[in-house]
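Work through these exercises on charged side-chain pairs. Each task is followed by a solution in steps.

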Amino acid sequence: MINPKDIFTISSQKQFEKMALKVFRFQYENNRVYNEFCNFLNTDVPKVKSLEQIPFLPIQFFKSHHVVSTTYPIQETFTSSGTTSPLTSSGGNKDDSVITSKHLVTDVSLYEQSYRTAFSSFYGNVEDYVVLALLPSYLERSGSSLIYMVKDLIELSNNEHSGFYLNNYDALISKLSQLKETGENILLIGVTYALLDLIEYASSISFPLRGLGGSTIIMETGGMKGKRKEIIREELHEILCKGFGVSSIHSEYGMTELLSQAYSLGNGIFECPAWMQVLIRDTEDALTYVDNGKTGGINVIDLANINSCSFIATQDLGKKQPNQLAGRQAGSFEVLGRFDNSDIRGCNLMVM
């Protein structure tokens, strides 16, 4: 068995690669779905010596199979919304909205340790923030891993002002106005379209949100969810910066199938916690990788996914960049959108 402590204490690229190979072999031996997928690719397991040689399971398998690596009972079942790929700014394919992904979690404490440790490494102690959540699309359904995480962060903030807001923009605006006067650090995490709605509503009642100041972090996530027309990230962030009066917009990249999140502290450039990395695969050949700065499909290594699958080929398009933050061993990356149906049909590993 793998000790989770060894995952959350990774501090070098060498340690990451060693643990990733260990997790790969564990999941090959214990995850029936992943085992069959690797065998389909004729993977010679003893010869897998690098990250690039590890097979990445197409994310669609979480829609059609039970992807688990243990026989322990299921503690939580996280489900996707079925409308968009979470944490990107592109609409989903019609077929994707029919069957939702299911992440069967046999040890929810791994999830808690993952997001708590990651948040702390990027933002410090959550108790230093008032955590406000504007996540209507997620609150209105069950099984959201994002709601589970944010609810826990709200509780950990130990602040009477922290809390969720559904569609009551008046109450949220009133709270923001109150907090502006006290000078507290604010983290407002919102689904993208709802943040835009909030700005427009505030403007309609002549209440400027622009005076929130530098102690406020606006974090967008989840995209438009079919509620608004898609726009490019630069335009979106310009609108949000102007509407909230902040210099940058933060973002979170995660999804139902992952137990870890990457964060962007501005400009749409994401960084991973130490136990998570991305590789960018060629859009024409899913078994090869492209260089930094070139667009391709995002493959995620999430070592917190010990009990499901840590190696996932997503449907997101992106590209890697040099590190933007000191102390991070893996490269930064951008999320550019999603594969469309024609892209997926051209990649036969994604339609097994």
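**Exercise 1.** Classify Arg116 by its accessibility, then place its salt bridge in the fold of this predicted model.

Step 1. Arg116 has 35% relative accessibility. Partly exposed lies between the 20% and 50% cut-offs, so Arg116 counts as partly exposed.
Step 2. Arg116 forms a salt bridge with Asp152. The closest N and O atoms are 2.8 Å apart.
Step 3. Arg116 sits in helix α5 (residues 108-123) and Asp152 in helix α7 (residues 145-157), so the pair ties together parts 36 residues apart in sequence.
Step 4. Asp152 is buried, at 11% relative accessibility.

**Exercise 2.** Which parts of the chain does the pair Arg228 and Asp197 tie together?

Step 1. The two side chains meet in a salt bridge, 2.9 Å from N to O.
Step 2. Arg228 lies in the loop between β7 (216-221) and α10 (233-244), while Asp197 lies in helix α9 (residues 192-204). The parts are 31 residues apart in sequence.
Step 3. Arg228 is partly exposed at 25% relative accessibility. Asp197 is partly exposed, with a relative accessible area of 25%.

**Exercise 3.** Is Glu334, the partner of Arg233, buried or exposed?

Step 1. Arg233 and Glu334 form a salt bridge, with the closest N and O atoms 4.0 Å apart.
Step 2. Arg233 belongs to helix α10 and Glu334 to strand β14 (residues 332-338), so the bridge ties together parts 101 residues apart in sequence.
Step 3. Arg233 is partly exposed, at 22% relative accessible area. Glu334 has 11% relative accessibility and counts as buried.

**Exercise 4.** Which residues do salt bridges with shared partners join into one network?

Step 1. The network consists of Asp197, Glu200 and Arg228.
Step 2. The count of salt bridges comes to 8.

How values were computed:
Residues are numbered from 1 along each chain as its sequence is written. This is a predicted model: local features need pLDDT of at least 70, side-chain atom pairs count only at pLDDT 80 or more; totals for chains, interfaces and linings use all residues. Side-chain values use heavy atoms; hydrogens and water are left out. Helices (H or I, at least four residues) and strands (E, at least two) are DSSP runs, numbered from the N terminus. Buried means under 20% relative accessible area, exposed over 50%, partly exposed in between (1.4 Å probe, protein chains only).
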